[in-house]
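Student: Could you take a close look at one spot in this model with me? I'd like to follow a single charged residue and see what surrounds it.

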Amino acid sequence: MSRIKLTLSIATSAIVFTAVSIAGPTFIQAEMANASTAAGETPATAAPDAKVKAPLTPAELLKLLGERIKTKDVDGIIALHEPEAAIVNYDGSIIRGHKEIRAFYIEWFKSDPVLTVNPRQTVLAGGKRTGDKVRDRTAAIMGDYSLEQNAPDGTREKFTGNFCDTVQEQPNGTWLYVQDNPYPPHGGATSAHH
């Protein structure tokens, strides 16, 4: 049961299912590969000579993350997180940084997860104005989700919950995950049920 609860924190990552119609992705040549290399990632996480999708809005970030979860593209998922991003665990502990997040997704994918996520509200705030552009904004994305996955005994189990994720605009105008929190407020009556 604790393994299932642990895996719930990824549920917010598949917000794609209802966000798909909000905005289509933009293609930027090697922009995310450059950002990953600058952040200490190995170049193997990005395909050379390929157009890399880079999210220019929070909705696009959610869409890309959902696509990469569906295809179990762990390297692609990691490229959508800041180097010190965090996932809040069911027990309140924090999974922090690319290495820990990678290990978490690899383990979670063993449960054959299927997510349905409904973003209900996105609030953009902060940032710095340079000329006619505002950069370095933060967004909180809130909503609810349902998750179906394999239990340790091989049966399929279903869960529902609420989430509040935090995403950050980068200097180049793209967006990355800072925090994935499927239990706001942590431990509350509506944080996760099954």
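Tutor: Let's start with Asp 112: its relative accessibility is 37%, so the residue counts as partly exposed (buried means under 20% relative accessible area, exposed over 50%, and partly exposed in between, using a 1.4 Å probe and protein chains only). Before going on, a word on what we're looking at: this is a predicted model, where local features need pLDDT of at least 70, side-chain atom pairs count only at pLDDT 80 or more, and totals for chains, interfaces and linings use all residues. Residues are numbered from 1 along each chain as its sequence is written, and side-chain values use heavy atoms, with hydrogens and water left out.

Asp 112 sits in the loop between H6 and E5; helices (H or I, at least four residues) and strands (E, at least two) are DSSP runs, numbered from the N terminus. The backbone there is worth a glance too, as Asp 112 has a positive phi, near 50°, without being a glycine. Most residues other than glycine have a negative phi. Asp 136 is another case, with a positive phi of about 65° although it isn't a glycine either. You'll find Asp 136 in the loop between strand E7 (133-135) and strand E8 (138-150), and with a relative accessible area of 34% it is partly exposed.

Now for the side chain of Asp 112. It meets Lys 72 in a salt bridge, 3.8 Å from N to O (a salt bridge being a side-chain nitrogen of Lys or Arg within 4 Å of a carboxyl oxygen of Asp or Glu). That pair ties together distant parts of the chain, 40 residues apart: Asp 112 follows helix H6 (97-109) and precedes strand E5 (114-125), while Lys 72 is in the loop between helix H4 (58-70) and helix H5 (74-78). Lys 72 is also partly exposed, at 37% relative accessibility.

Follow the charges further and you get to Glu 148, which forms a salt bridge with Arg 156, the closest N and O atoms being 3.2 Å apart. Glu 148 has a relative accessible area of 27%, so it is partly exposed, and so is Arg 156 at 32%. Lys 72, Asp 112, Glu 148 and Arg 156 are joined into one network by salt bridges that share partners.

Back around the H6 end, Glu 107 pairs with Lys 110 in a salt bridge, with the closest N and O atoms 3.2 Å apart. Glu 107 is partly exposed at 32% relative accessibility, whereas Lys 110 reaches 56% and counts as exposed. Under this rule, the count comes to 10 salt bridges.

For a contrast, try His 81 in strand E3 (residues 81-88). With a relative accessible area of 3%, His 81 is buried. Its side chain reaches the backbone oxygen of Ile 77 at 2.8 Å. Leaving aside residues up to four places away in sequence, His 81 touches Leu 65, His 98, Ile 101, Tyr 105, Leu 176 and Tyr 177, where contact means heavy atoms within 4.5 Å.

Finally, the whole chain: its secondary structure comes to six helices and 11 strands, and 43% of its 194 residues count as buried. Among contacts between residues at least 6 apart in sequence, 64% join residues at least 24 apart.

How values were computed: A polar contact is a pair of N or O atoms within 3.5 Å; within protein, one must be able to donate a hydrogen and the other to accept it, and residues adjacent in sequence count only if both atoms are side-chain atoms.
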